[in-house]
Amino acid sequence: MSQEKAPKSTKLFIIAFVSVVVVMGAGIFFTLNKKTESNAVAVNNTNISGDKQIIEIHAKGGYQPRKSVAKAGVPTVVRFVTKGTFDCSSTISIPSMKISRSLPPSGSTDIDLGTVAAGVLQGTCGMGMYPFEIDFQS
């Protein structure tokens, strides 16, 4: 009895199918294990310097912290710190204030928000994948 070999196209189909299943499985795994926005803990990373408060946010593969707490009614500067940042978090957008800014790969960039009223200010990366927010409290 002779053994028949599977045609080359069948082998390629099987390899492609297994690859797709592995990639989809990994995507589902990471999606289910990713912290959701509601799980993000608000952090007080705000310092008062002179007459302004400075909120420091690190940008690389998203924003850390994702939620910040600040005092409403105080002149505010957001300082974005980058260190080898080449992903979409190197571009920030705060639509409600019509702010869009590209950040350098490494360094810090200050964005003057002025005096912000109580409420939540939401921002995102240039592609909308990585959100961040600042909760201005009275």
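Let's start inside the protein: Tyr63 and Phe80 are both buried. Keep in mind that what you're looking at is a predicted model. How buried is Tyr63? Its relative accessible area is 1%, and buried means under 20%, so Tyr63 clearly makes the cut.

Now look at how these two rings sit. A search of the whole structure turns up four aromatic pairs. In the one made by Tyr63 and Phe80, the ring centres are 6.2 Å apart and the planes meet at 70°, so this pair is edge-to-face. Tyr63 belongs to strand 4 (residues 63–64) and Phe80 to strand 6 (residues 75–83), so the pair ties together parts that are 17 residues apart in sequence.

Tyr63 has another partner, too. With Phe132 it forms an edge-to-face aromatic pair, at 4.9 Å centre to centre and 65° between the planes. Here the link joins distant parts of the chain: Tyr63 in strand 4 and Phe132 in strand 11 (residues 131–137) are 69 residues apart. Is Phe132 buried or exposed? Its relative accessibility is 3%, so Phe132 counts as buried. Put the three rings together, and Tyr63, Phe80 and Phe132 make one aromatic cluster.

Let's widen the view. In soluble globular proteins, nonpolar side chains tend to be buried together. In this model, the largest nonpolar core has 21 residues, and those touching the most other members are Tyr63, Phe80, Ile92, Leu113, Ile134 and Phe136. Several strands each supply at least two residues of this core, among them strand 3 (52–59), strand 9 (106–115) and strand 10 (119–125). Pick out Leu113 to see who its neighbours are: leaving aside residues up to four places away in sequence, Leu113 touches Thr76, Val78, Ile94, Met97, Ile99, Leu121, Ile134 and Phe136.

Not every nonpolar side chain is tucked away, though. Phe17, in helix 1 (residues 8–33), has 51% relative accessibility, so it counts as exposed. Phe17 joins Phe13, Ile14, Val18, Val21 and Val22 in making a nonpolar surface patch of about 600 Å².

Finally, two spots in the backbone deserve a look. Where is the cis peptide bond between Gln64 and Pro65? Follow the chain to the loop between strand 4 and strand 5 (67–71), where Pro65 sits; the bond from Gln64 to Pro65 has an omega near -5°. The other spot is Lys98, in the loop between strand 7 and strand 8 (99–102). Lys98 isn't a glycine, yet its phi is positive, near 55°. With 80% relative accessibility, Lys98 counts as exposed.

Definitions and conventions: Residues numbered from 1 in each chain as written. Heavy atoms only, no water. Phe/Tyr/Trp six-rings, centres within 6.5 Å; stacked < 30°, edge-to-face > 60°. Helix = DSSP H or I, 4+ residues; strand = E, 2+ residues; numbered from the N terminus. Buried < 20%, exposed > 50% of the residue type's maximum accessible area, 1.4 Å probe, protein only. Core = buried A, V, L, I, M, F, W, Y, C linked by side-chain atoms within 4.5 Å. Contact = heavy atoms within 4.5 Å. Patch = residues over 30% accessible without salt bridge, like charges linked within 9 Å, V, L, I, M, F, W, Y side chains within 5 Å. Areas by Shrake-Rupley, 256 points an atom, 1.4 Å probe, with all protein chains shown as cover. Salt bridge = Lys/Arg side-chain N within 4 Å of Asp/Glu carboxyl O.
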